[in-house]
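I wanted to look up the pockets in this one, and then the helices around them. Notes follow as I went along.

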Amino acid sequence: CIALSKSEKIPVDKLLGTVILERGIDLLCLLFLVVLTFLLQIDIVYGFFSEVVFKDGEGMSFIKGLKMISTVLVILILVWLGFKVTIKIIKRTKWFYRFKRLYVGFLSGLKTIRKLENIQGFIFHTFMIWLGYFLMVHLCFPAYSPFEELFYKPIVGLAVLVIGSLGMVAPVQGGIGAYHFCVQTCMELYGYTKDLGLSFAFIVHTSQTLIIIIGGVIAVVLLPMATKWNRNE
């Protein structure tokens with residue numbers, strides 16, 4: 001957000017709002033793919049949650065479901081109460097107006113979805129982004145000989161994408177460890193050994209990380225040039 005603010009002269013608070021909006025849309029896309037994968041591969045998705053979430057492999061029960069819902073509700077209530085208390089404390093300080101300005105700008109960024117001039121282009125690029133995510137996983141199958149045959153089974157690539165994404169959203173930097181565990185578990189459900197599943201997860205995660213590092217370095221080098229070019233215009 002800071003880099004884009006410097007190059008495009010857009011307030012950081014508004015950019016933060018658009019980032020949250022973009023993350024929210026990504027979450028909706030992921031939930032859609034989870035449902036789609038569940039419908040197409042119910043045994044794999046159910047097996048993953050039974051093994052990883054419920055541990056004992058017995059799956060969901062009424063008591064477990066009630067505990068999960070209760071825990072989520074308690075967390076949401078505590079977060080809401082914490083937010084209210086924080087607002088009351090901030091109102092008594094000199095930082096209140098600065099916080100209010102950031103809050104208003106943040107909301108303005110969230111509302112940008114209503115002002116899109118090219119909604120078709122937005123939908124198209126969102127689809128292409130997620131197609132790219134899928135291909136980053138699926139095209140690694142023929143690169144690893146034990147999984148070559150899976151190249152002709154795109155549903156497996158979809159399952160790995162969805163279950164691996166659950167590891168990426170874990171509170172771990174870059175999904176390191178969590179992503180590998182999720183992909184390894186997914187491949188075990190397809191009948192592969194832990195070693196093969198972990199090796200494949202390492203290949204996918206490492207290749208993606210290298211692409212991000214290389215692309216990031218190039219962007220850092222080119223960004224000042226682009227910023228200077230925009231100012232000259």
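These entries cover two pockets and two helix pairs, and I kept in mind that the model is predicted.

**Entry 1: the largest pocket**

I started with the volume of the largest pocket, which comes out at about 720 Å³. Its lining has 22 residues, and I noted R23, Y133, S165, M168 and Q208 as the closest to the centre. Next I asked which helices supply at least two residues of that lining. They are α2 (12–40), α6 (119–138), α7 (154–168) and α9 (194–232). The largest share belongs to α9, with five residues. Sorting the lining by class, I got 14 nonpolar, six polar and two charged residues.

**Entry 2: the second largest pocket**

I then moved to the second largest pocket, at about 240 Å³. I wrote down its lining: from C29, F32 and L33 through T126, F127, W130, L131 and F134 to L158 and L161. Here α2, α6 and α7 are the elements that give two or more residues. How many residues does α6 give to this lining? I found five, the most from any element. By class the lining has nine nonpolar residues and one polar, with no charged ones.

**Entry 3: α2 against α7**

With α2 and α7 turning up in the lists for both pockets, I checked how they pack. Their axes are 10 Å apart, at an angle of about 135 degrees. Is that roughly perpendicular or oblique? An angle of about 135 degrees makes α2 oblique to α7, because the roughly perpendicular range stops at 115 and roughly antiparallel needs over 145. I also noted that the crossing is left-handed. On the α2 side, the contact uses L30, L33, V34, L36, T37 and L40. On the α7 side, I. listed I155, L158, A159, L161, V162 and S165. That contact has ten nonpolar residues, two polar and no charged.

**Entry 4: α6 against α7**

Last, I looked at α6 with α7. The two axes come within 9 Å and cross at roughly 110 degrees. I put this pair down as roughly perpendicular. From α6, the contact takes in Y133, F134, V137 and H138. From α7, I have P154, G157, L158, V160 and L161. By class, I counted seven nonpolar and two polar residues, and no charged ones.

**Cross-check**

I went back over the lists for shared residues. L158 and L161 of α7 are in the contact with α2, in the contact with α6 and in the lining of the second largest pocket. Y133 of α6 is in the contact with α7, and Y133 is also among the residues closest to the centre of the largest pocket.

Definitions and conventions
Residues are numbered from 1 along each chain as its sequence is written. This is a predicted model: local features need pLDDT of at least 70, side-chain atom pairs count only at pLDDT 80 or more; totals for chains, interfaces and linings use all residues. Side-chain values use heavy atoms; hydrogens and water are left out. On a 1 Å grid over the protein atoms alone, a cavity is a set of points where a 1.4 Å probe fits but cannot get out, and a pocket is an open set with protein on both sides within 12 Å along at least five of seven lines; lining residues have an atom within 4 Å of a point. Grid points are joined across faces, edges and corners, and a volume is the space filled by probe spheres set on the points. Helices (H or I, at least four residues) and strands (E, at least two) are DSSP runs, numbered from the N terminus. Ala, Val, Leu, Ile, Met, Phe, Trp, Tyr, Cys and Pro count as nonpolar, Asp, Glu, Lys and Arg as charged, and the others, Gly among them, as polar. Axes are lines fitted to C-alpha atoms, for helices over the stretch in contact, and angles run from 0 to 180 degrees between N-to-C directions. Angles under 35 degrees count as roughly parallel, over 145 as roughly antiparallel, 65 to 115 as roughly perpendicular and the rest as oblique. A crossing is left-handed if the near helix is turned anticlockwise from the far one by less than a right angle, and right-handed if clockwise. Contact means heavy atoms within 4.5 Å.
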